[in-house]
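Colleague: Could you take me through this protein step by step, with the cut-offs explained as we go?

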Amino acid sequence: MVKILIEVSLLLGVLVAGVSCQIETRNFTQWLDHFDENCTETWNNTYYIDESFYEPGGPIFLYVGDMQFYYTWYRLNSSHFIDIAREVGALIIGTEHRYYGESRPTADLTTDNLIYLSTAQALEDVAELIRFIRSSSPDLENAKVIASGVGHGGALATWLRQRYPDLVHAAWSSSAKLNALLNFGEFHTNTAQTIRIYGGQICYDRMANAFALLDEVFEAEDWDKLIEVFKLCGIEEDVSAEMIAGFFFETMATAIGQYISMMHAPGITTFCGYLERGQNDMYGLADWVYYAIFNSHGCLPASVSDLLYIYMDPDWFAPGSICNFILNYTMTADDLRYSIDNTNAQFGGLHPNVTRVYFTNGNLDSEKTLSILTDLNEETPADVIPYFGYGADYESMNRTTYEGVRNIQERARSLILEWLETEDVTEGPTESTEGTTTSPIGEIPTTTTDTGPVTTSEPVMTPYY
């Protein structure tokens with residue numbers, strides 16, 4: 001599985017980097033619901049702090065964690081963002097998103113408890129942590145905060161800068177997924193285009209033929225052949241052929257896109273090589289799926305029921321349970337569209353109202369069109385890196401050799417250094433309304449957008465891509 005490969009490579013990367021860091025894991029008390037003054041429940045939010053490079057009067061560098069919490073420790077040890085933080089003597093902070101990792105606001109993941117999983121709640125978690133860190137020492141009271149993240153973390157860093165410009169001075173947003181969509185059909189279009197451009201027409205034709213041959217197998221309902229060729233764990237007899245086909249084709253197409261996005265140009269070479277060496281194009285695709293993606297399973301999981309069970313398990317130790325929210329909650333298609341529209345209305349979609357944010361993306365990332373690919377304004381530039389996918393620019397420059405990536409990293413460094421020298425004219429919260437609330441650590445100012453505070457009756461879901 002791609003995730004397992006990534007987790008192993010991240011661990012090896014930390015060991016190879018051999019950086020002398022002193023990262024501490026701490027907890028911070030958060031409100032369960034920041035927007036309901038009658039809710040007095042609190043929980044412990046995990047965060048990370050590294051004071052070993054901090055020089056009095058230095059800035060705060062804030063790495064914004066997201067659903068991929070297993071990246072956080074790696075990136076706090078070795079990343080270009082941390083390279084810059086050390087250079088400027090910054091206090092380094094890493095956040096953990098509510099409901100992920102060890103940050104568990106509720107007893108379990110039942111439907112009623114998932115209403116507190118929202119972008120607005122997560123942003124306020126980070127805002128309260130910034131206020132707490134700043135109040136912890138006179139040296140930090142007026143420290144400039146530079147936020148950054150990758151993927152959804154990059155989106156959160158952008159929205160922190162937009163919603164709390166009084167707290168976040170600037171941001172670097174790598175491979176950010178900013179635009180919430182109900183059906184992201186461009187993912188597969190982007191993947192196919194990438195294969196054709198970077199893998200060549202022959203590889204693209206082989207991939208198309210592999211799916212055509214696979215379609216013939218499904219048309220004939222030749223399950224024995226499907227199990228044999230793709231080394232499946234089994235086929236459910238009580239599930240319709242249409243559902244199995246939809247699940248199977250979606251799994252294949254998504255695996256290709258994610259693999260290339262994560263593995264960059266070498267991933268395309270590997271994928272095309274398997275297609276070329278196969279008994280035919282479909283066998284080549286099957287070999288790639290088995291040996292490059294699902295080898296650790298022993299066979300390729302193909303059970304729709306098992307998948308739904310995994311994603312609806314309310315236990316904290318289950319791989320995930322967001323489907324509880326969607327499938328069990330009283331949520332119609334119109335409700336889902338409303339939540340998506342509301343998310344984009346609050347945060348701007350592809351047109352966030354921000355300055356001093358640097359957007360970077362890899363050209364091979366199948367989800368790049370959810371992000372900002374061209375300059376928004378003079379103070380909000382954007383760059384796209386050829387031959388690379390998701391988060392390539394975030395690697396430490398000590399491990400970067402490709403000139404195209406290093407150029408982007410140099411620009412990120414230059415912009416952040418420039419912005420650290422920029423002083424704000426009095427800058428208050430964006431589109432804020434007056435108000436205060438009692439924090440677990442005392443009285444703090446709060447802000448809401450003109451769309452009103454998020455309530456539990458109409459939850460704004462975090463966009464999961």
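**Surface, cores and a helix**

Modeller: The accessible surface of the protein comes to about 20,500 Å², and 50% of that belongs to carbon and sulfur atoms; such areas come from the Shrake-Rupley method with a 1.4 Å probe, and for residues only the protein chains shown count as cover. This is a predicted model, in which local features need pLDDT of at least 70 and side-chain atom pairs count only at pLDDT 80 or more, while totals for chains, interfaces and linings use all residues. Residues are numbered from 1 along each chain as its sequence is written, and side-chain values use heavy atoms, with hydrogens and water left out.

Colleague: What percentage of the residues of the protein count as buried?

Modeller: Buried means under 20% relative accessible area, exposed means over 50%, and partly exposed lies in between (1.4 Å probe, protein chains only). Of the 465 residues of the protein, the share that counts as buried is 54%.

Colleague: Which helix supplies the largest share of the largest nonpolar core?

Modeller: A nonpolar core is a set of buried Ala, Val, Leu, Ile, Met, Phe, Trp, Tyr and Cys residues joined through side-chain atoms within 4.5 Å. The largest one has 37 residues, of which M207, F230, F248, F271, L285 and W288 touch the most other members. At least two residues of this core come from each of α6 (186–199), α7 (201–220), α8 (223–230), α9 (241–277) and α10 (281–293), where helices (H or I, at least four residues) and strands (E, at least two) are DSSP runs numbered from the N terminus. The largest share, 12 residues, comes from α9.

Colleague: Which residues does W288 touch, not counting those up to four places away in sequence?

Modeller: Contact means heavy atoms within 4.5 Å. With residues up to four places away in sequence not counted, W288 touches A255, I256, Y259, T270, F271, Y274 and I293.

Colleague: Why do the buried residues of α7 lie on the same side of the helix?

Modeller: In α7 the buried residues are C203, Y204, M207, A210, F211, L214, V217 and F218. The arc is that of the directions from the helix axis to the C-beta atoms. These residues are on the same side of α7 because the arc they cover around the axis is only 140°.

Colleague: Which helices do the buried residues of α7 pack against?

Modeller: On the other side of α7, I202, E216, E219 and A220 are exposed. The buried residues of α7, in contrast, pack against α6, α8, α9 and α10.

Colleague: How are the planes of F388 and Y402 arranged: stacked, edge-to-face or tilted?

Modeller: Rings of Phe, Tyr and Trp (its six-membered ring) pair if their centres lie within 6.5 Å; planes under 30 degrees apart count as stacked, over 60 as edge-to-face and the rest as tilted. By this rule the count comes to 21 aromatic pairs. F388 and Y402 form one of them, with 5.1 Å centre to centre and 40° between the planes, so the rule above makes the pair tilted.

Colleague: How far apart are the C-alpha atoms of S78 and N398?

Modeller: S78 is found in the loop between α2 (72–77) and α3 (80–87), and S78 is buried, with a relative accessible area of 5%. Along the chain S78 and N398 are 320 residues apart, and their C-alpha atoms are separated by 9.1 Å.
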